[in-house]
Amino acid sequence: MLFWSTRQRICRLSKRCSTVNDQQERKIILVVGGAGYIGSLTTHYLASSNYQPIVLDNFSKGHREFLDGFEVVEADVTDPSSVNEVFTRYKIDAVVHFAALTEVGNSMRHPVEYYRTNVGGTINLLQAMENARVRKLVFSSSAAVYGNPVTVPISEKHALAPINPYGRTKLMMEQIIADAEQAWGLSWVALRYFNAAGADPLAPCGEWHDPETHLIPNLLLAAAGKKDNLQLFGTDHPTDDGTAVRDYVHVADLARAHIIALRHMDANAGGRIFNLGIGRGFSVREVIRSAKEVTGSEFGIVEADIRKGDPAVLLADPSAAMEELGWRPEYTDIDEIVRSAWDWYMKNGFEPPSP
Ligand code: UFG
């Protein structure tokens with residue numbers, strides 16, 4: 001059961017199709033890192049929810065093809081003057097901040113780059129917001145802040161003990177944001193995503209990473225014959241079948257949560273943190289089975305060692321987001337999540353078009 005009817009789903013991808021009077025002034029939302037996987041879909045949903053999104057992105061990872069028809073500022077969040085300039089050019093009501101390096105393994109190899117981009121970029125953004133008196137922020141955080149969980153499902157009260165530099169940057173970013181609340185009255189919502197997955201088959205944006213490190217796209221690349229096989233990292237985790245368990249949450253549900261968080265801030269000052277997951281875990285072997293069934297392909301599996309920095313189990317307790325935000329994940333079936341990604345790749349290709 002989806003949140004939008006089919007007509008609305010088609011409609012919401014067209015910025016011309018608004019549910020309210022077009023004369024009414026739309027609030028400008030700066031989407032920092034809005035050309036990426038989750039940011040781009042959020043940009044589309046913002047436009048069809050009567051906001052005016054403006055994207056700031058350096059296109060180091062994101063894709064222009066995802067943002068056709070949107071106002072885009074090509075700039076790097078690590079450059080303070082470019083970030084300040086955007087706030088003087090537009091009357092920004094709120095910021096949604098996605099810009100970050102996000103690969104766990106890469107963060108183990110290049111930690112300083114992660115701190116510079118993720119933490120440094122957030123400092124620049126907050127400074128520009130303070131200068132311009134913009135006091136609303138939705139922040140894209142991660143389950144990586146918890147590290148290896150002591151208890152599952154993981155609630156927001158769980159101890160914070162990240163086990164890789166990526167997770168540490170996300171935790172530091174949350175802490176800096178919380179300090180800004182104390183110092184100059186920033187209102188904020190941090191959304192700790194578990195494993196973002198799937199695609200909105202009607203949207204022009206999906207998951208194109210280079211190199212691709214995530215499980216579901218790698219499975220689908222193997223199913224489509226674009227990779228020789230799927231490397232399965234870790235068969236001796238302390239889980240039922242020895243492979244890692246993750247909580248796969250659909251990107252459409254994540255994108256929708258940002259709109260809900262913006263509305264929540266209109267009525268609630270201060271800061272809040274919410275886990276976004278479906279509250280069900282699937283092992284890597286279960287996701288492999290699903291991908292084989294959805295695609296009808298019998299690709300090969302090569303077993304390999306546990307990837308450095310990978311926790312065995314990440315499983316969300318999303319009840320706070322459900323109770324306080326009224327958010328409900330609509331995709332809770334792993335086959336449906338995998339199928340949505342497969343349909344998107346079949347329609348849009350497995351790689352971005354060359355520039
Ligand atoms: N995996 C494979 N083969 C692959 C890709 C992944 O076996 O080709 C395994 C991984 O080792 C892991 C599981 O599949 O056990 C899921 O891996 P993903 O790369 O899809 O996702 P991660 O769990 O590593 O990443 C997620 C989020 C991060 C978050 C991290 C916390 O994407 O934002 O969890 O560890 F920080």
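In the predicted model, the ligand is surrounded by 21 residues. The closest of these are Tyr-166, Gln-231, Arg-246, Arg-307 and Asp-310. By residue class, the shell around the ligand consists of twelve nonpolar, six polar and three charged residues.

Polar contacts to the ligand involve both side chains and backbone. An N or O atom in the side chain of Asn-195 lies 3.0 Å from an oxygen atom of the ligand. For Asn-218, the distance between a polar side-chain atom and an oxygen atom of the ligand is likewise 3.0 Å. Gln-231, listed among the closest residues, takes part through its backbone: a polar atom there is 2.7 Å from a nitrogen atom of the ligand. Of the 690 Å² of accessible area that the ligand has on its own, 93% is covered by the protein.

Two or more residues of the shell are given by each of two elements, helix 7 (215–223) and strand 8 (229–233). Strand 8 contributes four residues, the largest share of the shell around the ligand. Asn-218 falls within the range of helix 7, and Gln-231 falls within that of strand 8.

Confidence in the prediction was also examined. The average pLDDT of the protein is 93, and 93% of the residues score at least 70. Residues 1–21 have pLDDT values under 50 throughout. For this segment, the model has 31 contacts beyond four places in sequence.

Notes
Residues numbered from 1 in each chain as written. Predicted model: local features only at pLDDT ≥ 70, side-chain atom pairs only at ≥ 80, totals over all residues. Heavy atoms only, no water. Near = heavy atom within 4 Å. Polar contact = N/O pair within 3.5 Å; in protein donor to acceptor, adjacent residues only side chain to side chain. Areas by Shrake-Rupley, 256 points an atom, 1.4 Å probe, with all protein chains shown as cover. Nonpolar A, V, L, I, M, F, W, Y, C, P; charged D, E, K, R; others polar. pLDDT = per-residue confidence, 0-100. Contact = heavy atoms within 4.5 Å.
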